[in-house]
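The following exercises are to be worked from the coordinates. Each task is followed by a solution in steps.

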Amino acid sequence: SGYSSQKRFFWDDYSFVENWAAHDKYFYKYGSDDNKTVLDLEDDAANVNMGGNWHMPSKEQFNELIANTNSTWENNYNGSGINGRLFISKSDESKKLFIPASGNLDYGYDADAGNKFEIWGNSIGSYSLEYGINLESNESKSVVVQDYRYCGKCVRGVFN
């Protein structure tokens with residue numbers, strides 16, 4: 001619904017930061033000290049909030065979604081007033097997944113709501129430790145990208 005002090009995302013507030021002055025020691029977890037590339041379940045927002053066999057999607061699962069579906073951008077999906085992308089299975093058109101264009105939070109403000117979605121995955125980026133993997137989609141395409149780990153993006157659980 002808008003910016004508030006509770007919705008602020010900056011590097012200074014990131015909970016796994018150890019020391020901003022030492023570039024190779026930015027993160028005490030999921031960094032150069034432990035070389036982890038996938039979140040532990042205790043840090044996986046989908047698992048923490050939904051429990052059981054739920055987890056945030058992996059980079060491979062994002063790529064599988066894109067490869068095995070046909071997708072279209074939907075304005076006012078089913079008369080709901082909500083924009084987003086509809087993914088339809090290539091092998092069984094009765095299997096569908098709609099993801100609303102929820103935007104994101106970055107530098108203390110809402111961005112792109114209604115025009116784009118960004119969903120966090122459970123993988124750490126390969127470009128640099130400051131990045132995590134996420135799925136982005138807008139009217140033209142869906143892509144798996146890396147973005148700064150402090151950014152406020154949605155989480156959508158996947159069930160094993």
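Two rings of Phe, Tyr and Trp (its six-membered ring) form a pair if their centres lie within 6.5 Å; planes under 30 degrees apart count as stacked, over 60 as edge-to-face and the rest as tilted. The model is a predicted one, in which local features need pLDDT of at least 70 and side-chain atom pairs count only at pLDDT 80 or more, while totals for chains, interfaces and linings use all residues. Residues are numbered from 1 along each chain as its sequence is written, and side-chain values use heavy atoms, with hydrogens and water left out.

**Exercise 1. Aromatic pairs**

Task: Count the aromatic pairs and classify each by its geometry.

Solution.
Step 1. The ring rule yields 2 aromatic pairs.
Step 2. For Trp-54 and Phe-159 the ring centres are 5.2 Å apart and the planes stand at 65 degrees, so this pair is edge-to-face. It links distant parts of the chain, since Trp-54 belongs to strand β1 (residues 54-55) and Phe-159 to strand β10 (residues 158-159), 105 residues apart. Helices (H or I, at least four residues) and strands (E, at least two) are here DSSP runs, numbered from the N terminus.
Step 3. Tyr-77 and Phe-98 have ring centres 3.9 Å apart and planes at 5 degrees, so this pair is stacked. Tyr-77 lies in the loop between β2 (69-74) and β3 (84-89), and Phe-98 lies in strand β4 (residues 96-100), 21 residues apart.

**Exercise 2. Accessibility and a charge over a ring**

Task: Are Trp-54 and Phe-98 buried, partly exposed or exposed? Which residue lies over the face of Trp-120?

Solution.
Step 1. Buried means under 20% relative accessible area, exposed over 50%, and partly exposed in between (1.4 Å probe, protein chains only).
Step 2. Trp-54 has 28% relative accessibility and therefore counts as partly exposed, whereas Phe-98, at 16%, counts as buried.
Step 3. A charge sits over a ring if NZ of Lys or CZ of Arg is within 6 Å of the ring centre and within 35 degrees of the ring normal. Lys-153 lies over the face of Trp-120, 5.4 Å from the ring centre.

**Exercise 3. The sheets**

Task: Establish the strand order of the sheet that contains β8 and of the sheet that contains β3.

Solution.
Step 1. Two strands pair if DSSP finds at least two bridges between them.
Step 2. An open sheet of 3 strands has the order β7-β8-β9, with antiparallel pairing. Its edge strands, β7 (117-124) and β9 (142-148), each pair on one side only.
Step 3. Antiparallel pairing of β7 with strand β8 (residues 131-137) extends over 5 bridges, and Glu-118 stands opposite Glu-136 in β8. Between β8 and β9, also antiparallel, there are 7 bridges; Ile-133 has Gln-146 in β9 as its bridge partner. The hairpin from β8 to β9 passes through 4 residues.
Step 4. Another open sheet of 3 strands has the order β2-β3-β4, again antiparallel. Since β2 and β4 are at the edges with a single partner strand each, one side of each is left without a neighbour in the sheet. The strands β2 and β3 are joined by 6 bridges, and Glu-74 stands opposite Gly-84 in β3.

**Exercise 4. Confidence**

Task: Which strand has the lowest mean pLDDT among the elements of the protein chain, and which the highest?

Solution.
Step 1. pLDDT is the predictor's confidence in each residue, from 0 to 100. The chain mean is 84, and 78% of the residues reach 70 or more.
Step 2. Strand β6 (residues 109-111) has the lowest mean, 70, and β3 the highest, 98.
Step 3. Where pLDDT is low, the predicted coordinates should not be read in detail.
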